[in-house]
Amino acid sequence: MSEEQPINTHTIAVLVDNEAGVLARVIGLFSGRGYNIDSLTVAEVNEDEHMSRITIVTTATPQVINQIKAQLQRLVPVHRVVDLTVETDSVERELALVKVAGKGNDRVEALRMSEAFRARVIDATPESFVFEITGNTAKIDAFIGLMVPLGLQEVSRTGVAAIARGPERM
Amino acid sequence: MSEKLTGAQIVLKALKDQGVGHIFGYPGGAVLPIYDEIFQQEDVEHILVRHEQGATHAAEGYARSTGKCGVVLVTSGPGATNAVTGLTDALMDSIPMVCITGQVATHLIGNDAFQEADTVGITRPCTKHNYLVKSVDDLARIIHEAFHVATSGRPGPVVIDIPKDIQFALGKYVKPETVRHKTYQPQIKGDMEAIKQAVDLIAGAKKPLFYTGGGVINSGPKASQLLREFVKLTGFPITSTLMGLGSYPSADAQWLGMLGMHGTYEANLAMHDCDVMINIGARFDDRITGLLEKFAPNSKKIHIDIDPSSINKNVMVDVGIVGDVAHVLEDMLRVYKSRSSEPDKAAMKKWWAEIEGWRARKCLAYTPDKKSIKPQYAVERLYELTKGKDTYITTEVGQHQMWAAQYYRFEDPNRWMTSGGLGTMGYGIPAAVGVQVAHPKSLVIDIAGEASVQMTMQELSTAVQYRLPIKIFILNNEYMGMVRQWQELLHGGRYSSSYSEALPDFVKLAEAYGATGIRAESPDELDDAIKKMIATDGPVIFDCIVTKDENCFPMIPSGAAHNEMLLADDQGLDVEVSDAGKAMV
């Protein structure tokens, strides 16, 4: 029935009580109902009220996206669910640590590229760098892609953090 | 409150303050302090079951037949894991239940202690919500919250896992009225704009149909009453899901019978051909819709549901109304009356004429037999001999369940207890125990099959212990009948493991438990045997020997549409089912 619907990527912010098992509830909901998780980040954002913010990037048809939001809203410890992709104009950032090993020209080229992408060197040895890069997912993907032939060793990414533009709070 | 109580005392005080009269449970090491408190009071009566699954189904029967919350108490580890089937059943059928599980002492959690299980982890996907109590000072609040979550919004099961040291620890008690949940606030009133849109559709309908479900019953007696008023006022036909039977009286001329896979011809064809569908508290389950691509293709759909995630889940609707059925129907009736527009009389006359044509097929007719008892006949006679009495029906799962739904007639809500969503064999006996505990003077009958009934047969012992005169009416065809029927339809008649070999003698089995056993083997002795069962002052197993190879009709084969039903009198099961259809459950 939903076969002809387009598949889109949405970033969903979920404000939850920071209680034991709340993340398991959210992840269990996604795995149990067969929804995709492209990225997921979570941390406490309001210490006084013990609230955490979960940012989930997911890809699905509009019908399934609406299901995901309704199912999240149904969880008892969930305060709010906002689809940052459709309900607001938002900014998204992700941080990655990228390890590149190599010598000679490759090493010079990696450093040159990192400057073009405004990545920072946070660790260096005579034969390796660890770059810290911040940006949207596409930028980080592009940077990592460029590092592959230059001796890419490993990548650690935070997943997407996102927030609506403007003065209003969630 | 300055006085400190132990955790176990807090549990009992909270249950009492929640108005709990009965709990169904089984003791064990991790709940002994609570059992000790139960022993020392008289407000809450404990019913000892024979298996924790039985406790959960008994609580479901109790809840479904009263509208109250069912309460279960089990120990840690296997106590909790045995409760999982009943919790899942209650989640699927939206039954309010609070299940208290014991847990090993806090300092042992995570150490693989004796009878330790990660109960909140295991029950997370099969409960509406669950709690692990980490401090005795949270205990009273959590119990009150649990009752609120279980009984409000779309009802469901809630687990409270209480470590043993918390049951001994001293803490403060808080009363229910001081507890308010900060995030959980279900929407009760429907959006007026949506209600007006729905009324516009209803007023302009030419081939309308009410399609109602368990949500009407969960909403309470007021909802059934308002539904009846609305249906009468519009003159529209009405059908219902398995879970909604009884919310509209089956004796009424506007009632088309149940719809879905084994629903009536007239209900399913009306569903297929309708132009405005008014779904009230049903969830477009696959047993109802059949093939989604061909589901009611020319209809505008209105959907009233208290759970926003039910709307547009399986079927996209034109008007979705989130709210409690009784509240929404009240507003809808008011708006409908204020418009003072009559339904299109000519169109309605034509629509009813079409429906009468489908009715004339008499889809529930079957070939009677002089020698052997047809299962349909057995249910018909059971209905005729019990109608007008104060009767509650439970079932197991399978062919007998469908025959009960088709041939037993329900006039009122809360009289029909069945495992709809999960389809749990073994539901019927413990559910009957729960119903009988709530209604000690009523006639409670489990319409059963000989296979299902053996899954929880031990609960007959509970019935005997508490003098609960439940009647277990077994349609004994010596097969897992529905499995056999599907094997006949889809697997070339190879009856792999569906024959009930080595059956017990059910009459002797009843006697062994201290109950009464009755057997009927031919149609001419059936009525007297049923009368004897009704007159028996105690639990009865009725072994009704029925035709072995009878199939359940009408049937929409999986992967087919409503207008592609199989009827008993034409092709039988001689049809081709597509590979996609075969893959469906």
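Hi everyone. Let me begin with the cysteines: a search of the whole structure, across all chains, turns up zero disulfides. Please keep in mind that this is a predicted model.

Why does B:Cys99 form no such bond? Its sulfur has its closest cysteine sulfur in B:Cys126, and that one is 9.3 Å away, so the two are too far apart for a bond. A disulfide would need the sulfur atoms within 2.5 Å. As for its surroundings, B:Cys99 has 0% relative accessibility, so it counts as buried.

B:Cys363 tells a similar story. The closest cysteine sulfur belongs to B:Cys552, at 11 Å, which is too far for a bond. Is B:Cys363 buried or exposed? Its relative accessibility is 7%, so B:Cys363 counts as buried.

Now let's move on to where the chains meet. How many residues does each chain bring to the contact? Chain B supplies 21 residues and chain A supplies 16 residues. Between them, chain B and chain A bury an area of about 1500 Å², and carbon and sulfur atoms give 54% of that.

What about charges across this contact? There are two salt bridges between chain B and chain A. If you'd like one to look for on the screen, find A:Arg74 and B:Asp307: they form a salt bridge, and their closest N and O atoms are 2.6 Å apart. On the side of chain B that touches chain A, the residues divide into eight charged, seven polar and six nonpolar. Polar contacts join the picture too, with nine residue pairs counted between chain B and chain A, both residues being at pLDDT 80 or more.

For the last part, let's stay within chain A. This chain is divided into domain 1, covering 8-83, and domain 2, covering 91-162. Taken over C-alpha atoms, the centres of these two domains of chain A are separated by 29 Å. Where they meet, seven residues of domain 1 of chain A are in contact with six residues of domain 2 of chain A.

The area buried between domain 1 and domain 2 of chain A is about 430 Å², with 48% of it from carbon and sulfur atoms. Which residues of domain 1 of chain A lose the most area to domain 2 of chain A? They are three threonines, A:Thr11, A:Thr41 and A:Thr55, and together they make up 63% of what that side buries.

Finally, this domain interface in chain A has zero salt bridges. Polar contacts do occur there: four residue pairs are counted between domain 1 and domain 2 of chain A, both residues at pLDDT 80 or more. Thanks for listening!

Notes. Residues are numbered from 1 along each chain as its sequence is written. Chains are lettered from A and ligands numbered from 1 in the order in which they are written. This is a predicted model: local features need pLDDT of at least 70, side-chain atom pairs count only at pLDDT 80 or more; totals for chains, interfaces and linings use all residues. Side-chain values use heavy atoms; hydrogens and water are left out. Buried means under 20% relative accessible area, exposed over 50%, partly exposed in between (1.4 Å probe, protein chains only). Contact means heavy atoms within 4.5 Å. Buried area is the accessible area (1.4 Å probe) that two parts lose on being put together, summed over both. A salt bridge is a side-chain nitrogen of Lys or Arg within 4 Å of a carboxyl oxygen of Asp or Glu. A polar contact is a pair of N or O atoms within 3.5 Å; within protein, one must be able to donate a hydrogen and the other to accept it, and residues adjacent in sequence count only if both atoms are side-chain atoms. Ala, Val, Leu, Ile, Met, Phe, Trp, Tyr, Cys and Pro count as nonpolar, Asp, Glu, Lys and Arg as charged, and the others, Gly among them, as polar. Domain bounds come from an automatic or database domain assignment.
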